[in-house]
Amino acid sequence: MSELSVNHLLGIKYLNKNDINLIFETADHFKEVINRSIKKVPSLRDITIANIFFENSTRTKLSFELAEKRLSADVINFSASQSSVKKGETLIDTVNNILSMKVDMVVMRHPNPGAGVFLSKHVKAAIVNAGDGAHEHPTQALLDSYSIREKLGDVGGKNVVIVGDILHSRVALSNILALKLQGANVKVCGPKTLIPKHIESLGVTVETDLRKALNWCDVANMLRVQNERMDISYFPSTREYTQQFGVNKALLQSLDKEIVIMHPGPINRGVEITSDVADSNQSIILDQVENGVAVRMAVLYLLASKIK
Ligand code: NCD
C-alpha cells in the first residue's frame with residue numbers, strides 16, 4: 001500500500017511528486033464521500049486532533065475542523081487569544097500540555113516561519129502546518145493544485161501566474177513549490193517591491209505587466225495584499241495597486257482566451273479582483289473552498305495511517 005514519504009506536513013518543500021499524487025487520489029475518494037447524504041466515515045475514530053491557532057483564521061480553521069469531523073476524529077480547538085500563551089507559556093509547554101491529554105495530531109497556524117518544523121522536533125505528535133508566518137501554507141497549495149487538476153486536468157504543462165503580494169505570502173511560496181513539482185510553468189506578477197529578490201531561483205519568471213501575464217496564463221491565482229505583514233508602504237496607494245494589478249471584468253473579457261481565476265481568500269473585493277470577477281463563471285474560488293475539505297481529509301488520513 002502506498003504511503004506518504006513524510007510523517008508531518010510541514011511544507012511542500014518536504015514532499016515529492018508521488019506524495020502529491022497520493023494526496024490527490026485520496027482526496028478524490030473523500031470528495032465523493034462529502035457529496036453523499038451521509039458525509040462521514042469512521043476512518044479516524046481512534047484519533048484525537050488539536051487545532052491550535054496563534055493567528056487569525058476563518059476558512060482554514062473551519063475547513064480543518066470539518067475535515068476532522070467528517071473523518072470521525074475527536075477534535076479540540078485552541079486559539080492563542082484565550083490561552084496561557086498570553087501569560088508567558090512557551091510553545092513547547094503549551095503543546096506538551098495538550099499532548100498529555102492523549103492528542104495524536106496537531107494542526108498549527110503560527111506567525112513565526114519554521115514554527116511547525118521546530119515543534120515536530122520537540123513533541124511527539126504528527127504536525128500539520130496550517131500556515132507559518134510568510135513562509136508556507138502547504139494545504140492551501142495542495143487544494144489550489146487539486147482545483148486546477150479538477151478544472152483543467154493534469155497540472156503539468158499548465159501556465160499559472162500568481163499575482164500580487166508575493167513577498168509576504170505563504171500561499172505564493174507553497175504554490176510555487178507545488179506547481180513546479182508537478183511540472184507547471186509559473187510566473188509571478190506584482191509591484192517590483194512585492195516580488196522577492198532571486199525569486200527566479202525557484203524556477204519562476206517575473207512579469208510586471210499584468211495584461212501580458214494574463215494573456216500568457218491558463219490560470220491566475222490572485223493574492224491578497226498582506227497589509228498586516230507590512231511595516232512600510234510598498235506601493236503608493238491601494239487605488240494605484242488596483243489600477244495596475246487588479247482584475248476586473250473588462251480586462252478579463254479583453255484577453256485573447258478564457259482563463260481560470262483563483263483566490264485563496266479572504267478577498268478584498270474591489271482591490272485584487274472586482275466582485276463581478278470573483279462571482280463569474282471563470283472563477284473557481286468556491287470550488288477551492290469545497291476542495292479544501294477533501295484535500296485536508298486526505299492529508300489527515302494519510303498522516304494518521306503512519307502514526308501506528
Ligand atoms: C491565506 C493565508 O492565511 O495565508 N488565507 C487562507 O489560508 N485561506 C491568504 C491570506 O490571508 O490572504
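## A walk through two domains

Start by colouring strand 1 (residues 48-53) and strand 3: the two run parallel and are joined by five bridges. Keep in mind as you click around that this is a predicted model. For a single pairing to zoom in on, pick Ala50, whose bridge partner in strand 3 is Val106.

**Stop 1: strand 3 and its other neighbour**

Stay on strand 3 and select residues 105-110. How many of its six residues are buried? Six of the six are, so the strand is mostly covered, with buried meaning under 20% relative accessible area. In a regular strand, side chains alternate between the two faces of the sheet. Try showing the two sets here in two colours: Met105, Val107 and Arg109 sit on one side, while Val106, Met108 and His110 sit on the other. Both faces are covered, and each of those residues is buried, Arg109 and His110 included.

Now add strand 4 (residues 126-132), which runs parallel to strand 3 and is joined to it by five bridges. Here the residue to click is Val107, with Val128 as its bridge partner in strand 4.

**Stop 2: the helix in between**

Next, select helix 4, residues 115-122. Together with strand 3 and strand 4, helix 4 makes a right-handed β-α-β unit. Which residues of helix 4 are buried? They are Ala115, Gly116, Val117, Leu119 and Ser120. Show their surroundings and you'll find that the cover includes helix 3 (91-99), along with strand 3 and strand 4.

**Stop 3: a buried valine in helix 1**

Jump to Val33, which you'll find in helix 1 (residues 17-34). Is Val33 buried or exposed? Its relative accessibility is 0%, so Val33 counts as buried. Leaving aside residues up to four places away in sequence, Val33 touches Ile38, Lys39 and Val41. If you like distance labels, draw one from Val33 to Leu303: the C-alpha atoms are 19 Å apart in space, with the two positions 270 residues apart in sequence.

**Stop 4: zoom out to the domains**

Time to colour by domain. Domain 1 takes in 12-136 + 289-304, and domain 2 covers 138-284. The contact between them draws 29 residues from domain 1 and 24 residues from domain 2. Their C-alpha centres lie 25 Å apart. How much area is buried between domain 1 and domain 2? About 2400 Å², and carbon and sulfur atoms give 62% of that.

You can also select residues 157-303, which an unreviewed UniProt entry lists as "domain: Aspartate/ornithine carbamoyltransferase Asp/Orn-binding". That stretch is 37% helix and 14% strand, and its end C-alpha atoms are 29 Å apart.

**Stop 5: strands 5, 6 and 7**

For the last stop, select strand 6 (residues 185-189). Four of its five residues are buried, so strand 6 is largely enclosed by the rest of the structure. Strand 5 (residues 159-163) pairs with strand 6 in the parallel sense, over five bridges. Look for Asn159, which stands opposite Asn185 in strand 6. To get from strand 5 to strand 6, trace the chain through helix 6 (residues 170-181); this β-α-β crossover is right-handed.

Finally, add strand 7 (residues 205-207), which pairs with strand 6 in the parallel sense over three bridges. Click Lys187 to finish: opposite it stands Thr205 in strand 7.

Notes
Residues numbered from 1 in each chain as written. Predicted model: local features only at pLDDT ≥ 70, side-chain atom pairs only at ≥ 80, totals over all residues. Heavy atoms only, no water. UniProt positions renumbered as here; feature names shortened; annotations may be inferred. Buried < 20%, exposed > 50% of the residue type's maximum accessible area, 1.4 Å probe, protein only. Pairing = 2+ DSSP bridges. Right-handed = clockwise from strand over helix to strand, strands pointing away. Domains from an automatic or database assignment. Contact = heavy atoms within 4.5 Å. Buried area = accessible area lost by both parts, 1.4 Å probe.
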